[in-house]
Every structure is written in structure tokens, then in C-alpha cells.
Amino acid sequence: MTEASSPRCVALVGPYQTGKTTLLEALLSAAGALKRKGTIKAGTTVGDASPEARARQMGVEMNAATCTYLGDTWTVLDCPGSIEFGQDAVHALQVVDAAVVVVDPLAEKAPLVGPLLRLLDELKVPHYIFVNRMDVASQSIKDVLHALQSVSQRPLLLREIPIREGDKISGYVDLVSERAWKVRPGQPSEMTRLPEGVLPEEQTERNDFLEHLADFDDTLLEALLEGNVPPPADVYKTLTKDVHQDLVVPVFFGSAEVEWGVRRLWKALRHEAPEVAETAQRLGIADGSGPLATVVKTWNQQHIGRLSLVRLWTGTLAEGGALGGQRLPGIVRVLGAQTTRVPNVSPGEVVGLQRLEGIATGQLLAGGGPLTGIGRPWPQPPRPVYALTLAAEKRTDDVKLAPAIARLCEEDHSLRSHVDHESHELLLEGQGEIHLKVALDRLRNRYGLQIVSHVPPVPYRETLKGSIRQRYRHKKQTGGAGQFGEIEIDVKPLPRGGGVHFVEKVFGGSVPRNYIPSVGEGVMESFGKGPLGFPVVDVEVTLLDGQYHAVDSSDMAFKIAGRGAMAEAMPKCQPILLEPVGKLMVQTPSEALSGIQRLVSGRRGQIVGMEPRDAWPGWDTVTAWLPQSELHDFIVELRSITAGIGTFTWDFDHLQELTGRLADKVVEAAHAAHGHGHGPGQGSGAR
């Protein structure tokens, strides 16, 4: 009987809708952790238990489930498949011993797995592939394997071949032990006689399997060259070593829905997945006598409060002990939304720690406090690709909104919020439309906040195309001391990027020196909103002349004169709208390239380059100039074209003139928002 191992942790990852949550149910059922399997349709699964996940019938955050299989303790981290919620999968892969990549039995969907397989190899995480839904597959496992191999940097080793009765799979043959098993849905498979008709295929596939293993083992290679058949024990030993080093990727198949192939996967993980000490060594976490644990997920739940999911690497934890410089008021084992209190924790376990304040996801904790400079750096979140401005529907809820959003961002590092410095509105940024909709649902469900949201404003600018010399007198008599200030200014445009400047060339004291700064203040304030309704850029104003009154002149009078002169001058200088344009870089599978070209050109973009993506076979990088006004829902169409795996970055580069009907609509909207129309001479420069 195999000796029990230390507690281990495995992640279920894979593209959206491949059945990861259903596989989690099947694994827990096979381990005896569930009395009855739940279903996604009925909303009764251990995973995807949040209201937001069940409303959409999709994973929107990591779910943890701890169970025991054949005497070994396991924690399975079920990760969302959608790229919009992919940060949780990235975090999970920082702490697991191994990962199971769940895929559909369709060759054409293999490219969806490519980015994930690359990430696993970059992190050197041992991993397996589980081809799900093989009970209803229309393609052969070999076709699927060939397609998957085209997007994998590691050799994929088929661990078993199917036994068919007509069009249905009735069993499988293990290519290491060469034993045949009959599938019994919902029950352990039953050993059976290897059919003679399957033997030639089994021999061919086993030889191919052994040759791949021999590429990394000289002893096995020598045995094969001499025509010797290595015993299964030696093959298992070589396979386990290669899996631990992420040299090969074993491939299994089955059906989570009807629960076959699941126990076979359990046994492979049990015998071949690394243990916690080896994983800690891979991550650069030194062995020690005291407790060391990594925070892999943070939840701020309505009823249970703050819960930090951690994996313990060394030492022990006990209720009332210390970690991260804080006393541990409670330790719980997690099974989806259910928690069970436990008195102590041993290395390898994944548990929830209650009410650890000031502790963040990604921190490595010792007894005395967080540690830095040890282990692998925690991954940075991806740049946002979608944004909304938020406001509480009820003014009385304004004070609750910012703290609630801060808690959401604490849970999900790929969310980001800040106040826009121009509009002074609260912006929430994330990885897509659904990502932010889920965040809004959480604000409502957890914190009772009804939110009004809209598309963030584009930071348009305006400039002047013409020059003018303008004289302006401000004179006001109110019965006592009056106000008097008269100035003459020269207004002219500057090259793009020239900024806004006020200079003075006053001679003869026509404007006393002490009033000149006040004129400048009035002029600079006028740049805040020009005749089109937007901040003015790239203009120089020169004070040339003026008049003053010994009694009525003042700083305020000359400041008002500066503003008034600009208000009269700018509409006469051919104001024109400027829109921000940025450098767009799209990373896309090559087969989607034509669709990307149409998408960019259809949004007034200008493609300036296309080249193969560095070290990504089958991918391209498209570089273009794209107006910011076309960016808001760009990611929605991009993911539609690329089946959810295309990405982009956009960085502001320059301002360019916008004319015609588009400019008119922007100006009309700006004036409508400010509650007034524009007067004579205040057009957009469109005609």
C-alpha cells in the first residue's frame, strides 16, 4: 500500500466552458467528499457558488475545495476559464504542485489552450491535459492530440487509448501497465481483457510513448535501442521524474459529466504530482522551522468577513498562533462556500485564515510578518482594457462606494479604480465588459449599492488655427471704487505639443508690472475651456499694450480683462477639435489577422505594421494608430474575432485634428452637457 503523502494542491485550468467545475464535482464525488453531485444548471455545485457565478452559469473567481483521496489530502483550485477573470488562475499557479488543463475534444479549439500552456511552461508548473466530454466526441483522440501538440512547447504523451464498441468508447488501455479497463459511468472502471483488435494500435502508441520518454532518459533510450522492454515500474519512475521537471505533459481523457476517467486522473495525480517540499524548492522558498505561507486569494464576504486563503510551506499553524505578525483567531478548511474550523495546519495544506487585516494576496508570510525578497515575485496584473465611470444612484451612498470598490480590487488584482483628474469621476477599469458587470453585481449583492455607470469621457482638446490681435477693456462702476483694466493681446497657434504660454512685451508702463501676472492668470484660466467646450492646447498669448486707472485698476480687474480678451479672441481664430490618438498593439492568432485588419480600419485606425509575434508561433502582432474614442468596446470585438484569446495595449501618442460630422457631434454633446449651445463663430472647424 502506498504511503500517504503530504497534503498537495492542484489547479483546474482551461478555456471557458470546457467543464472544469463539473470535473471538480466529479473529483470530489470520486473522493467521497460529496453525498450527491451538483449541477451547474441547478446551481448546486461546490464551485461557482457565488450569486454572480450562478446567475451567469460561469466561473468568475477561484474556488477552493479540500478533500481526501485514498488517504491523501488534496486541495483543488477551480479557476475561471474566461480571460476576463484569468488573474485568479495566474495566482493559483503560483502555489500549486500541478495543474490539470481541461479541454474540449475538438481539434479546432486547440489554439484556445496555447496561451495557457505557454504560461505553465514559463512557470515550470507540472501539468496534465484532460480531454473532457469524450463520451460525446465526434473526433478521435489522436486528432485532438495532434492539434494540441501544435500549440504546446512540451511533448504531449497520450497515457491511454480508447477501446470502442461501434461509435462509443467502452473502455481504455493504459499504455504503461498495458492493462485494459471497462468504463462504468459513475463507478470505478473494471479491469477487462485487452481486445485483440486493439493490440496493434496499443503497441504502436506505447512505442511512441516510450520513445518520447527516452528523449530525456539515457538508460531508457539504451534499453529501447537494445530491444528490451522496460518494466512498468521503471517507466512510471521515469515518467514521474519528467513530469516533475515539466519535460512532458501526460494526456488523459474521460467525461466529468458521467464520471468516467476521473478516478484514473486522481490516481495519476496521486502517484506523479510533486509534493510540497519540491514545489517550495521550485519556487525558491527555503525550508525552515517556522511557518511560511503564501496568500493565494482574499475574500471580503458579506457574512463571514475577511478570509485569506493561504498555502503553508513549512512549519505548522494553530488557532491562536501567529502569522504575518497577527494572531490567528480562526482557521478553516474550505469546500466551495462551506468552511469547517480546524485546530491546526501542517505543511502543504491550503486553508482559510479569518480576519487577517492588512494582509494582501501574493504576500509570503512568516510568523513575525510579511517577507520580501524570498521566492518568486508575485505576478503583476494585466493592464486594463475596459473602463466605466461609476456613481452611486443615491447620493447618501457616495461615502460607501469608494471603500466597497477598494475591497473588490483587493480581491481581484485585475480590477483598478481611480478618480479621473479632469472629469473628477470615479473610474473602474478591468479586463472586459462582463468583468465589470460582475463587479457592479457584487457592489449591489454584497454592499447594497445601486450604481449608475456610463462610458468614460474622451479627453478631447481644442486648438486655434488662426491668429488675431485683440483689444479688450473691462470697466465697471458700482458707485464706489470701480474696476478698470484694458489690454491688447496677440494670440497665435503653436506647433502640436507646443503647450500654452503667456508672455509679455509691454513697453512704456501702459500696464503696470504688478498687474501683468494677473493678466496672465486670466489668460491661463481661459485655456481651461475653449469655445468648443474643451481645454485649449498649443497656443501662445502675448500681452502687448493696455491702459490702467490710478484708482480703479486692480489685480482682479486685469485678470477679468485677460479672460474677456481671450473669450472674444478665440472664437475668431478658427478653433478646431483635437482627439487623442494612441499606439495600438494587438496580439492575435494568425488565422484571425484579416478580422483584426477589418476591426482596426472600421474604427478609423491606421495599420502601420504586422509581424510575427516574438517566440509565439502562429501568432502575429499588429501595430496601428487608433483614436481613443474608438477604444471603449474594442476589446469586446477583438475577443469575438479571436475566440477570447486576443489581447491589446494602447498608449497615448499624439493629438490629431478631428473635423466633419464626427467633430460636430462631439462639440454638440459637450455643449449639451454644459447646458448651452455655442454662439456665432464657435463651430468645430468641421466646415
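1. Two strands count as paired if DSSP finds at least two bridges between them; helices (H or I, at least four residues) and strands (E, at least two) are DSSP runs, numbered from the N terminus. On that basis β7-β8-β9-β10 is the order of an open four-stranded sheet with antiparallel pairing. Its edge strands are β7 (160-165) and β10 (190-192), each of which pairs on one side only. Direction ignored, neighbouring strands of this sheet are turned by 40 degrees against each other on average; axes here are lines fitted to C-alpha atoms, for helices over the stretch in contact, and angles run from 0 to 180 degrees between N-to-C directions. Strand β9 (residues 180-182) is joined to β10 by three bridges, and the two run antiparallel. K182 stands opposite E190 in β10.

2. On the basis of the model: it is predicted, so local features need pLDDT of at least 70 and side-chain atom pairs count only at pLDDT 80 or more, while totals for chains, interfaces and linings use all residues. Residues are numbered from 1 along each chain as its sequence is written, and side-chain values use heavy atoms, with hydrogens and water left out.

3. A second sheet to check is also open and four-stranded, with the order β24-β25-β23-β26 and antiparallel pairing. Because β24 (416-419) and β26 stand at the edges, each with a single partner strand, one side of each is left without a neighbour in the sheet. The average turn between neighbouring strands of this sheet is 30 degrees, direction ignored. Helix α11 packs on the sheet and touches β23, β24, β25 and β26; its direction makes about 145 degrees with that of β23. Contact means heavy atoms within 4.5 Å. Between β23 and β26, which run antiparallel, there are four bridges. A391 stands opposite V452 in β26.

4. Helix α12 (residues 433-447) has 15 residues. From first C-alpha to last it reaches 21 Å, close to the 21 Å expected at 1.5 Å a residue; the expected span is 1.5 Å times one less than the number of residues. The buried residues of α12 (buried: under 20% relative accessible area; exposed: over 50%; partly exposed: in between; 1.4 Å probe, protein chains only) are H435, L436, V438, A439, L440, D441, R442, L443 and R446. Their cover includes α2 (51-56), β12 (292-301), β23 (386-392), α11 (398-411), β25 (426-430) and β26 (451-454). Elements of the sheet in point 3 thus recur in this list, among them β23, β25 and β26. After α12 comes G448, with a positive phi near 65 degrees.

5. Helix α1 (residues 20-30) is largely enclosed by the rest of the structure, because ten of its eleven residues are buried. Those buried are K20, T21, T22, L23, L24, E25, A26, L27, L28 and A30. Just after α1, G32 has a positive phi of about 80 degrees.

6. Strand β34 (residues 619-627) is mostly covered, with eight of its nine residues buried. With strand β32 (residues 575-589) it pairs in the antiparallel sense over nine bridges, and P589 stands opposite W619 in β34. Strand β33 (residues 606-612) runs antiparallel to β34 and is joined to it by six bridges; D620 in β34 is the bridge partner of P612. The β33 and β34 strands form a hairpin with six residues between them, and A615 in the turn has a positive phi of about 65 degrees.

7. On the interior: a nonpolar core is a set of buried Ala, Val, Leu, Ile, Met, Phe, Trp, Tyr and Cys residues joined through side-chain atoms within 4.5 Å. The largest such core has 63 residues, of which V13, L77, L93, V101, I129, V131 and L309 touch the most other members. Helix α5 (residues 141-149) supplies the largest share of this core, five residues. Neighbours within four places in sequence aside, L93 is in contact with A11, V13, A99, L116, L119, L120, L123 and V125. Apart from this core lies another, of 41 residues, including L27, V243, A256 and V262.

8. On cysteines: with a disulfide taken as a pair of cysteine sulfur atoms within 2.5 Å, the count comes to zero. C9 is in no disulfide, and its nearest cysteine sulfur, that of C79, is 8.9 Å away. C9 is buried, with a relative accessible area of 1%. C79 is likewise in no disulfide, and is buried with a relative accessible area of 2%.
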